[in-house]
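Open the model in your viewer and keep the sequence panel beside it. Each stop below gives a selection to make and then says what is there.

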Amino acid sequence: SKKTTGGTLFRGTEVHTKLLSVYNKSVGKKYLSKTLKKPIRYLAQLYSDGKSVEVDPIKMNSGAKMSDNVSNLVEASTVFLNSIIGSLESCPGSLRDICRHLQQEASAKFPESKHSVVGGFFFLRFLCPAIVSPPKLSSLAKKEHLAVDVARGLVLVSKVLQNLANGIEFGSKEHHMVALNPFIVQNIPTLQAFFDALTNEEDLRCTLVRDSKKKQTQMTIPREAMNVIHLTLSTHINAVAMILETGHPR
């Protein structure tokens, strides 16, 4: 598509984006739990302490101060970001390899999108959906029910992190989020450095070797079988995604 850019490659609902999302959730569930558990609990505790990260004037509680809520949202976003930045060693090698391949291929067509294409995949199709809907990760929501205000806070944090991953500041479309732009500008270099480390070929090779040693069996699938698998997944992608996410069909 002429309108497609490196940062919008994964915004559609095509088969390839759905397959990537399903694969991410299947391979990265333990990683997501380890990376997001503490930040999510931090946000829940923030609300338990009577604070809020709501920055939409229409949805703010009566008497709440915008400056306090902005500060709380920056603080919460920082906690999430730091946990993600520090998660490199535990990120599955196969996901890192996909990031590397996507970056290599997309950069050839969209040179300016070296980092945003990784952000589009790693955040839009992997991290942010898990932040917004942690109940889908049973280990994160075990015996817990997120309050409505906490769930709203997770949506706001997700918005901040997604814009940061895309290297885009908030504008008139979401004017109430503009106060988060200094946070985005300040942390773009940090996140881009994380993307560079995530896709570093030398380090990635070591990670893939490490991960392969953990596998008890190796299996080679014939090309003909792969074609059948692809056709089947394409036809039943939504049902497959439901099974992988919940452990049982709808």
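Colour by secondary structure and read along the sequence: the pattern is α-α-α-α-α-α-α-α-α. That amounts to 9 helices and 0 strands. Keep in mind throughout that this is a predicted model. The protein has 250 residues, and 41% of them are buried. Among contacts with a separation of 6 or more, 72% link residues 24 or more positions apart.

**Stop 1: the core**

Select L73, F122, F123 and L161. These residues have the most contacts inside the largest nonpolar core, which has 50 residues. Next show helices α1 (15–48), α2 (66–85), α3 (93–109), α4 (116–132), α5 (148–166) and α6 (181–198), each of which supplies at least two residues of this core. Which helix gives the largest share of this core? It is α4, with 10 residues.

Now keep F123 alone and display what surrounds it. Not counting residues up to four places away in sequence, F123 touches I84, V118, C128, P129, L161, Q162, A165, L191 and F195. One of these, L161, is also on the list of core residues with the most contacts.

**Stop 2: helix α6**

Select 181–198, the span of α6. This helix has 18 residues, and the distance from its first C-alpha to its last is 24 Å, close to the 26 Å expected at 1.5 Å a residue. Look along its length for a kink: there is one of about 45 degrees at N187, shortly before the proline P189.

Then colour the buried residues of α6, which are N181, F183, I184, N187, L191, F194, F195 and L198. Several of the spacings fit a general rule. An α-helix has 3.6 residues a turn, so residues three or four places apart point the same way. The buried residues of α6 pack against α2, α3, α4 and α5. Two of them, L191 and F195, appeared at the previous stop as contacts of F123.

**Stop 3: N181**

Stay in helix α6 and select N181. Is N181 buried or exposed? Its relative accessibility is 7%, so N181 counts as buried. Add E169 and F170, with which N181 is in contact when its neighbours within four places in sequence are left aside. N181 and E169 are 12 residues apart along the chain, yet their C-alpha atoms are separated by 5.4 Å.

**Stop 4: T199**

Move to T199, in the loop between α6 and α7 (201–214). T199 counts as buried because its relative accessibility is 6%. Show the side chain of Q103 as well: a polar contact of 3.2 Å joins it to the side chain of T199. Leaving aside neighbours within four places in sequence, T199 is in contact with C99, R100, Q103 and V118. V118 is another residue that F123 touches.

**Stop 5: two cysteines**

From T199, go to its contact C99, and add C91. C99 is buried, with a relative accessible area of 1%, and C91 counts as buried at 0% relative accessibility. Why is there no disulfide between C91 and C99? The sulfur of C91 is 6.7 Å from the sulfur of C99, its closest cysteine sulfur, and that is too far for a bond. Seen from the other side, the closest cysteine sulfur to C99 is that of C91. The structure as a whole holds 0 disulfides.

Terms used:
Residues numbered from 1 in each chain as written. Predicted model: local features only at pLDDT ≥ 70, side-chain atom pairs only at ≥ 80, totals over all residues. Heavy atoms only, no water. Core = buried A, V, L, I, M, F, W, Y, C linked by side-chain atoms within 4.5 Å. Buried < 20%, exposed > 50% of the residue type's maximum accessible area, 1.4 Å probe, protein only. Helix = DSSP H or I, 4+ residues; strand = E, 2+ residues; numbered from the N terminus. Contact = heavy atoms within 4.5 Å. Disulfide = S-S within 2.5 Å. Polar contact = N/O pair within 3.5 Å; in protein donor to acceptor, adjacent residues only side chain to side chain. Expected span 1.5 Å × (residues − 1). Bend = angle between axes of the 7 residues up to and from the residue.
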